[in-house]
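Subject: Structure handover

Hi,

Here is the structure we talked about. Please open it first, then read the notes below it.

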Amino acid sequence: MKQFLLAVVAAAGIAACGSDSSLPVATGKGNVRAINGLPTSPEIDFRIEERGLGSLTYKTASTPSNWDDLDYLFNFDYRPPGVLVDPVRFATEALTVKVDTVHTFLLWGDFSAPTITLWEWPERVFSDSDTVFELRVINSVVALGEIDVYFALDGVTPVLGEQVATLEPGEISDPMDYEGDTYITFVTPAGDPNTILYESPPAGIVARQSQLLTVFEGDANDTAPVTARFFNNIGSSVSLPDVRFLPTRRFIHGTMNLETADIYDDEAVTNRIYAGLAFGDATNDIEVAAGDVPITLTAENNPGAILFEQTYPVSSGSRVNTYMFWAEDALRSSALAVDRRPVETEARITWFQSTDNQQLVDLYLVDRGETIDEALPRQVSLLRGFLAPPLRTVAGSYDIYITVAGEKTILDGPLPIDLALGDVVEAILLDRVDPALAEFRIIPPP
């Protein structure tokens with residue numbers, strides 16, 4: 001298979017190149033972007049010299065940008081928890097940008113020892129009369145080994161010999177032209193069309209664009225072990241979850257104003273998906289159908305006693321928490337996606353503010369045994385009914401305190417917690433019988 005690979009280098013370092021004393025003169029521009037295929041990486045800042053080109057979370061790509069055909073250093077940085085300046089530079093790549101050329105970096109492998117692969121190819125120019133799009137396929141998943149990729153019209157199944165690419169991890173296919181239409185993608189082990197590793201939903205693709213179909217390892221936010229995304233030449237992306245795996249919903253009971261409840265996912269209230277959800281408890285991840293899902297909460301073992309009804313739009317491949325809380329004298333819910341993906345450079349705490357008695361609270365995270373007398377809160381004025389932004393920190397032994405917003409009046413704490421790098425902790429703040437107190441409760445993993 002013909003490759004456009006220019007260089008595969010360990011990200012441990014490339015020394016900066018020297019420059020001539022005379023200033024170079026640009027003759028045109030080339031196109032540059034980067035894709036983050038590192039499953040446990042923090043958010044990565046992609047830079048040309050010191051100018052930012054975009055922030056890359058896992059499974060995302062920077063927006064393609066045009067640069068003069070000169071020599072540059074492209075840098076990859078990240079910020080550890082608590083670092084506001086002087087980010088960590090973990091890779092640098094020297095590149096001479098070429099005129100009318102697409103330059104694509106793929107970061108893949110392990111974040112602690114990443115590999116950066118660079119491909120170059122001529123920039124495709126389509127005419128107004130073209131009815132085709134250009135496709136390339138990338139395999140970023142080390143664990144899959146060599147794979148076959150099938151890309152065909154919706155309704156076609158894999159047949160050995162009809163694969164459009166056979167790729168080792170870190171490889172890209174040759175370019176292929178397809179008529180604008182609706183297509184489906186399968187990934188199988190090389191030479192084994194009967195073992196489906198991934199099946200995409202039907203995807204309608206219009207003509208006159210260049211597409212990168214990138215295969216990724218699924219993470220804790222995905223319902224499947226393999227997923228994929230399209231990235232086109234203008235920076236748009238489309239997520240393609242594996243259609244064989246249903247989306248999930250998790251329900252968290254956060255108010256004393258709701259009795260212990262059963263949960264149903266059909267309008268007739270006949271399909272009970274969870275029995276006996278009590279105050280302060282959480283369900284596991286429950287598989288539900290994609291589309292508009294009617295959720296009904298009833299009194300325990302009494303489907304005729306309806307306590308709450310709501311229809312939720314459910315996207316394929318998604319994992320969402322639904323928090324039940326009380327606000328403005330009514331039972332309410334909030335359906336939110338919580339980032340569960342472990343990041344190997346940090347620990348993370350995410351929590352939902354569900355107290356009826358406290359509209360605003362502050363959170364302190366201090367070293368074990370320390371008081372909050374001289375400490376500043378790590379999160380301030382968290383409003384009832386809202387999910388706190390992730391609190392990122394380094395590994396250590398800590399105490400958590402919750403206080404009235406703007407005060408040192410303790411509602412809960414010290415709550416000891418030990419955190420290791422990669423930990424993802426979910427929690428909810430609950431009322432106690434005593435309205436002057438609250439409970440910061442860790443939610444067990446699903």
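**Ala-420 and its surroundings**

Ala-420 sits in the loop that links E34 to strand E35 (424-431). Keep in mind that this is a predicted model. At a relative accessible area of 38%, Ala-420 is partly exposed. Leaving out residues up to four places away in sequence, Ala-420 touches Glu-346, Ala-347 and Ala-395. Take Ala-395: the sequence separation from Ala-420 is 25 residues, yet the C-alpha atoms are 4.5 Å apart.

**Strand E29**

One of those contacts, Ala-347, leads to the next element. How many residues of strand E29 (residues 347-353) are buried? The count is 7 of the 7, so E29 is largely enclosed by the rest of the structure. Ala-347, Ile-349, Trp-351 and Gln-353 point one way from E29. Arg-348, Thr-350 and Phe-352 point the other way, and the residues of both sets are all buried.

E29 has these pairings:

- With strand E32 (residues 391-393), E29 pairs antiparallel over 3 bridges. Here Thr-393 of E32 stands opposite Ala-347.
- With E35, E29 pairs in the parallel sense, over 6 bridges. Here Glu-426 of E35 stands opposite Thr-350.

**Gly-413**

Back to E34. This strand spans residues 410-419 and holds Gly-413. Is Gly-413 buried, partly exposed or exposed? Its relative accessibility is 28%, and buried would need under 20%, so Gly-413 counts as partly exposed. Not counting residues up to four places away in sequence, Gly-413 touches Ile-400 and Tyr-401. For a sense of distance, try Val-159: 254 residues from Gly-413 in sequence, and 61 Å in space, C-alpha to C-alpha.

**Strand E8**

Now for another strand. In E8 (residues 101-110), 9 of the 10 residues are buried, so E8 is largely enclosed by the rest of the structure. Which strands does E8 pair with? Strand E2 (residues 29-37) pairs with E8 in the parallel sense, over 7 bridges. Within that pairing, Leu-107 in E8 has Asn-36 opposite. Strand E9 (residues 113-122) runs antiparallel to E8, joined by 10 bridges. Thr-117 in E9 is the bridge partner of Leu-106. E8 and E9 form a hairpin, with 2 residues between them.

**Glu-134**

Glu-134 belongs to strand E10 (residues 132-139). Its relative accessible area is 6%, so Glu-134 is buried. What does the side chain of Glu-134 make a polar contact with? The partner is the side chain of Arg-124, at 3.3 Å. Glu-134 has further contacts beyond four places in sequence, among them Phe-126, Pro-175, Met-176 and Asp-177. Gln-209, Ser-210 and Gln-211 are also touched by Glu-134.

**The largest pocket**

Last, the pocket. The largest pocket holds about 690 Å³ of space. Its lining counts 34 residues. Nearest the centre of the pocket lie Thr-57, Asp-219, Asn-221, Asp-339 and Arg-341. By type, the lining divides into 14 charged, 11 nonpolar and 9 polar residues.

Which strands each supply at least two residues of that lining? They are E19 (226-232) and E27 (319-327). The largest share, 3 residues, comes from E19.

Best wishes

Technical notes. Residues numbered from 1 in each chain as written. Predicted model: local features only at pLDDT ≥ 70, side-chain atom pairs only at ≥ 80, totals over all residues. Heavy atoms only, no water. Helix = DSSP H or I, 4+ residues; strand = E, 2+ residues; numbered from the N terminus. Buried < 20%, exposed > 50% of the residue type's maximum accessible area, 1.4 Å probe, protein only. Contact = heavy atoms within 4.5 Å. Polar contact = N/O pair within 3.5 Å; in protein donor to acceptor, adjacent residues only side chain to side chain. 1 Å grid on protein atoms, 1.4 Å probe; cavity = no way out; pocket = protein on both sides within 12 Å on 5 of 7 lines; lining within 4 Å. Points joined across faces, edges and corners; volume = space filled by probe spheres on them. Nonpolar A, V, L, I, M, F, W, Y, C, P; charged D, E, K, R; others polar. Pairing = 2+ DSSP bridges.
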